[in-house]
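Open the viewer and switch to a cartoon view. Keep the selection box handy, and follow the stops in order.

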Amino acid sequence: MFRKLRLGDVLRKAGLIDEKTLADALDAQKQKGGKLGEYLVSAGLVREDDMLKAIAEQVGVPFVRLKHYAVDPAVARILSEDICRKNHIAAIAFGDRAGQVLTVAMDDPFDLELIDNLSKMTGLSVTPVVSVRDDIRSLLNSVFAVEKSAQPVEPELYLVSRNGDTVPLVTEGVESMADLLLEKLITQAIRENAQSLIMEPRRSYLQIKFRIDGFLYDRTHVPVQQYLALLAMLRDLSTREQLILETPFDESFVVRLAFGEERMELRVGLIETVLGTKAVLHLLRRDMYIRDVSELGFELEAFEIFEKLMTAPEGLLLVCGSSHSGKTTTVYSVANYLYRAHNSFVMSIEAPMGLLVDHFNQLHPTRNPDFENADSIVLRALRQDPDVLLIDRLSTLDSVPQALFAAAVGKFVLCTYFAETAFDALLHLLDNPKLDRYTFATQTLGIVAQRLVRRICSKCATVYHPNLEELQKVDMLDYRDYDFYCGAGCEECFGTGYRGQTGIFQVLRFNRELTEMILRRSAIKDLLEAVEQTGMMNLRSRGKKKILAGLTTIDEVLRETYGEERLYGGPRTAAG
Ligand SMILES: [Zn+2]
């Protein structure tokens, strides 16, 4: 009631409506529901422009014409699309240099509750400016448009030969059922944004599954005869030399695909099970591997620390996590950033290969049979004098001591490592007898631990209120009255309620104290204390911020950060 009166008063004072019109409008609005301002505008009683200007003047908030305003999309994306669209708001700038004040354009600056919620969500203080709703909408459209441009007509699928020619997957005239089936399956997998297509032999049929955003989904069955034909076709493909980009392992090969404008790689791996050959077809897409570093999913203050680490001239940056936690995407994105920003000479050592990237000089151990071990391959790489050395997925080799050696000779080194948390990685490495403690303590810039959580589908995101048990599980009882989001399931997300993934990150930056403690061989509990002193937050707390921002769900964060405390996840800073 208070709000309604205030808006009415403002408009009356500004001479935009008279007493009677206001009273009538209030009555009508009571029957229809909704906001008074919306009613006045839709009924043509007040021009939206005039109303907003009057409001802005009255509450002492600037009126901003967004059309004349250049908005950084990275800033706009601080708030999730669904929250922006639902409330007709858009983040447009930082109000201060430190990035602690977020300026948000809204058409209803009286909505103090919303402002308060936004500030809780982002951890920033929020200052409103007033803008016209249509302008806010077109800004949101331009910022969030990229994901939406779904192709209306299904593009055709081609193979791309080594010299760049496109070759039909199905040769005209000789197409078989298996050819057509394979084409159909791959097209469907691409359309569903699957990471891989899995063909699993059962006793009497072949089970087809897709892995989407890290989860397996059953898709269809194929009778045994077709399955044998499918396998024969894949084996035949592996012999077409002009198409094969790489044969990293036995019975595994990589071909390039063209799907409309998009180019991607298909890595086919075959393995014999007791019921027959199992095939896994990984679809490697550039936008999954190389993203702008600002789009990896770092929250603002974590990104500030990360930025310091990734722009250091030399030293080792470790990126850890379990499998499917997005480590490769992170190191590729950083290396790509360094290439773009400083024209850095990037060299990588990877086995198996991630994506083929033209401007990385990628080394593959099995391509170079004389690389007997990590020592020799790293030494050979260093003789080429790269600025940036990327070491990824050398799970069989002791890569960290070698990475440290490269850092010690003055390179910037990115290295992935299997560990659940940053502190876990620290302890594990300190336990490695091959690790030179001094080099480790002095050459390591920091350790990043990460997970991927699924993003709530923006098409079907809906508000819901978790029950107390759920809130308790994630230690968020203080948010009983808060609007949480989840996906209801729609066509766009194939009923899962999720679409795409985003990272949650824990960033440990080595400081002098920690370095000294490592050298002094301090006790674990003292090390943990020193790590906490650096201000590192645990992954779950980071995940909570994503929940509050409406980007992911409690379930996702709980699953991905399970057991973190047992593994020295680090301080539990309260979310918010
Ligand atoms: Zn959906």
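## A tour by selection

**Stop 1: a loop.** This is a predicted model. Select Phe494, which sits in the loop between β20 (484-487) and β21 (498-509). Its phi is near 50 degrees, a positive value in a residue other than glycine. Most residues other than glycine have a negative phi. Is Phe494 buried, or is Phe494 partly exposed? Phe494 counts as partly exposed because it has 17 C-beta neighbours inside 10 Å, and the cut-off for buried is 20 or more.

**Stop 2: another loop.** Select His324, in the loop between β13 (315-321) and α13 (327-342). Here too phi is positive, near 60 degrees, and the residue is not a glycine. His324 has 14 C-beta neighbours inside 10 Å, so it counts as partly exposed.

**Stop 3: an open sheet.** Now select residues 89-94, 101-106 and 125-130, which are β1, β2 and β3. They make an open sheet of 3 strands in the order β1-β2-β3, with mixed pairing. Which strands stand at the edges? β1 and β3 do, each with a single partner strand, so one side of each is left without a neighbour in the sheet. From one strand to the next, the twist averages 35 degrees.

Zoom in on β2 and β3. They run parallel and are joined by 6 bridges. Pick Val104 and look across to β3: its bridge partner is Pro128. Then add residues 112-122, helix α7. This helix lies across β2 and β3, and runs at about 135 degrees to β3.

**Stop 4: a helix with a buried face.** Select residues 177-191, helix α9. It has 15 residues and reaches 21 Å from its first C-alpha to its last, close to the 21 Å expected. Colour Ala178, Leu182, Leu185, Ile186, Ala189 and Ile190: these are the buried residues of α9. Look down the axis. The buried residues of α9 fall within an arc of 135 degrees, so they line one face of the helix. An α-helix has 3.6 residues a turn, so residues three or four places apart point the same way.

Turn to the other side of α9, where Met177 and Leu180 are exposed. What covers the buried residues of α9? The cover includes β4 (157-160), β6 (196-201), β7 (205-212), α10 (224-238), β10 (252-259) and β12 (276-285). Before leaving, click Asn193, just after α9: its phi is positive, about 60 degrees.

**Stop 5: a strand with two faces.** Stay with β7, part of that cover. In a regular strand the side chains alternate between the two faces of the sheet. Show the side chains of β7 and see them alternate. Leu206, Ile208, Phe210 and Ile212 point to one face and are buried. Tyr205, Gln207, Lys209 and Arg211 point to the other face and are not buried.

**Stop 6: two hairpins.** Add β6. β6 and β7 form a hairpin with 3 residues between them. The two strands run antiparallel, joined by 6 bridges. Find Glu200; its bridge partner in β7 is Gln207.

Next add residues 215-223, strand β8. β7 and β8 pair in the antiparallel sense over 8 bridges. Lys209 stands opposite Asp218 in β8. How many residues lie between β7 and β8 in their hairpin? There are 2. End on Asp213 in that turn, which has a positive phi of about 50 degrees.

Note on methods: Residues numbered from 1 in each chain as written. Predicted model: local features only at pLDDT ≥ 70, side-chain atom pairs only at ≥ 80, totals over all residues. Helix = DSSP H or I, 4+ residues; strand = E, 2+ residues; numbered from the N terminus. Buried ≥ 20, exposed ≤ 12 C-beta atoms within 10 Å, placed from the backbone. Pairing = 2+ DSSP bridges. Axes fitted to C-alpha atoms, helices over the stretch in contact; angles between N-to-C directions. Contact = placed C-beta atoms within 7 Å. Expected span 1.5 Å × (residues − 1). Arc of directions from axis to C-beta.
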